[in-house]
Amino acid sequence: MRVIIDRLAKTYVDRHGAAVEALSDVSLTVESQEFVALLGPSGCGKSTLLNAVAGLLPVSAGEVMFESPPSGRPLTAMVFQEFALFPWRTVQGNVEFGLEELGMAAAERGRRARVLIETTGLAGFEARYPHQLSGGMRQRVGIARALAVDPAALLMDEPFSALDAQTRQLMQEELLALWERTRTTILYVTHNIQEAVYMADRVVVLSRRPGRVLAEIDVPLKRPRTEAMQTEPGYLETVERIWSLIKDQARAALAEQ
Amino acid sequence: MKPRPTMTERIHVVDGTRFLARPEHRALRVLGVIGLVVLWEALGRAGAVPVLFLPSPLGVLREGWDMLRSGELLVHIGASLQRLAWGFVIGSALGIAVGVAVGFFAVAEAIGTPLIAATFPIPKIALLPLLILWLGLGEPSKIAVIALGVFFPMAINTYAGVRQADPLLIRAAVAFGAGRFSVIRKVVLPSALPMIVAGLRLAAGTALLLLVAAEMIAVESGVGFLVLHAGNIMATTKLMVGIVVLSLLGVLSHWGLGRLERALIPWRAGA
Ligand SMILES: Nc1ncnc2c1ncn2[C@@H]1O[C@H](COP(=O)(O)OP(=O)(O)OP(=O)(O)O)[C@@H](O)[C@H]1O
Ligand SMILES: [Mg+2]
């Protein structure tokens, strides 16, 4: 499924009428089966963009369209930056949530959820509540919940931010392997340039607030990705190029706060 | 030059949060109650207070036991519990339904909040004569006044709980395909549950008060009737039995609601 973001703008207006322009005129197309990483300084509207694609907020202008949606699969599923787990549901219950809404039978739900609990390394914690888990484990529950519904487009908002370096690396491998198998369209927000280049086909760099598309950079690495590629000149050059693009933006954004 | 070990200064880290600890002091809890009863008994024995005004605890206990054996007490308690149960069930079901509707739907909020704000401050006891006029002297008017007293704390607490539901969790549910009613059932209600249980606690106190008031009019049974009737014939010991039963009812409902809270809200940290 293709995701077309067309001249999207979002201005938040609070109760007192104060306006924050988060996104202005963002156009972006994520091709079918493409893995796109979204980079940009803090507060530039990355989460806003993902929420707009998932249909979770009213946009101010422009629109989001899905081209050739598959039947029988949910269009999108989201991994939230803040995890957004249901505190009253166990790990198992959280992972099953989306499957419930799809109307899947209980036994099938249970089986499906257990597979993803395994994949995300949460086996043995099925009956725990979110408050009994570490930050990294909570984040993995959020990932499992999204993967469980097998969406046509997967929206991931800094999905590995709370993981330690080793777990992060393992989860990157898992996600890449899963993507090789399913070729789900992925829109992936991250702060980490190395991660973006290592995982994605294309890296989209947003400007500081209000977010606009600053650059779209194709990653010149082959699939499947291997760790060894992180020493290839193509990888290093791309990382360098994005860093120099982002440096000034990040500095200005920081000074603004 | 080596530093001499005896000169090395060491500071032991102490737990700076120690004064925040709140030990249970179980013994004190029991002693307080026993102390009151002993004082009460001593006052009676010393002849400081005539038995007609303040019967001794042992006398109350004996009278209570006799009434229990004769079945008299159980009749009163049974009648009261039945009224309480009906009033509680009806009042809290309506209160929760109205609270959810008013908290979730803008139209219901616009219509409901001014109505509730206008009717909530009325002391429910003042409505008892009106309810009797409408529903007659029988059970329905008694149950109705209790239900009314339970309704308001339930509706108001449920409303507050619903408003507090985390918008992020609601969005997460929608992101996974939840519609309006799924969101209410799977996000809004569980979010509001702690407030709903707190509402039950408030309602329990109100219900007891209204029960006694309602049972003072045109009934032949119930703990409220027992207290009033015993007072009229100056049977002070019986009267005290009724009061002790009311106190026990309050304690029991508090304990029961605590159990209910732990059963309903297992995800609360420390629960
Ligand atoms: N609900 C809201 N109401 C008002 N302003 C908001 C709201 N959500 C976000 N904003 C503002 O919109 C801008 C973009 O926010 P957003 O969360 O999309 O940024 P982000 O790129 O995801 O940041 P980060 O990398 O720190 O997660 C910020 O300036 C933020 O303050
Ligand atoms: Mg964000």
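**Ligand 1 and the open sheet**

Colleague: Which residues come nearest to ligand 1?
Modeller: Out of 14 around ligand 1, the nearest are Ser42(A), Lys46(A), Ser47(A), Thr48(A) and Gln81(A). A residue is called near because one of its heavy atoms lies within 4 Å of the molecule. This is a predicted model, where local features need pLDDT of at least 70 and side-chain atom pairs count only at pLDDT 80 or more, while totals for chains, interfaces and linings use all residues. Side-chain values use heavy atoms, leaving out hydrogens and water; residues are numbered from 1 along each chain as its sequence is written, and chains are lettered from A and ligands numbered from 1 in the order in which they are written.

Colleague: What makes the pair between Thr48(A) and ligand 1 a polar contact?
Modeller: A side-chain N or O atom of Thr48(A) is 2.5 Å from an oxygen atom of ligand 1, and a polar contact is a pair of N or O atoms within 3.5 Å, so this one qualifies. Backbone atoms join in too: a polar one of Gly43(A) is 2.8 Å from a ligand 1 oxygen, and an N or O atom of Gly45(A) lies 3.0 Å from one. The protein covers 64% of the 630 Å² of accessible area (Shrake-Rupley, 1.4 Å probe) that ligand 1 has on its own.

Colleague: Which element gives the most to the shell around ligand 1?
Modeller: That's H1(A), with three residues. Strand E2 (19-30) of chain A also supplies at least two. Both are DSSP runs: helices (H or I) need at least four residues, strands (E) at least two.

Colleague: Why are E5 and E9 of chain A called edge strands?
Modeller: Because each pairs on one side only. The open sheet of chain A has six strands in the order E5-E6-E7-E3-E8-E9, with mixed pairing.

Colleague: How do you know that strand E6 pairs with strand E7 of chain A?
Modeller: Pairing takes at least two DSSP bridges, and five join E6 (residues 153-157) to E7 (residues 185-189), so they pair. These two strands run parallel, and Met156(A) stands opposite Tyr188(A) in E7(A). Helix H1 (residues 46-53) of chain A packs on the sheet, touching E3, E5, E6, E7 and E8 of chain A (contact: heavy atoms within 4.5 Å).

Colleague: What makes Phe83(A) worth a look?
Modeller: Its phi is near 70°, a positive value in a residue other than glycine. Most residues other than glycine have a negative phi. Phe83(A) sits in the loop between E5 and helix H2 (91-101) of chain A.

Definitions and conventions:
Axes are lines fitted to C-alpha atoms, for helices over the stretch in contact, and angles run from 0 to 180 degrees between N-to-C directions. A polar contact is a pair of N or O atoms within 3.5 Å; within protein, one must be able to donate a hydrogen and the other to accept it, and residues adjacent in sequence count only if both atoms are side-chain atoms.
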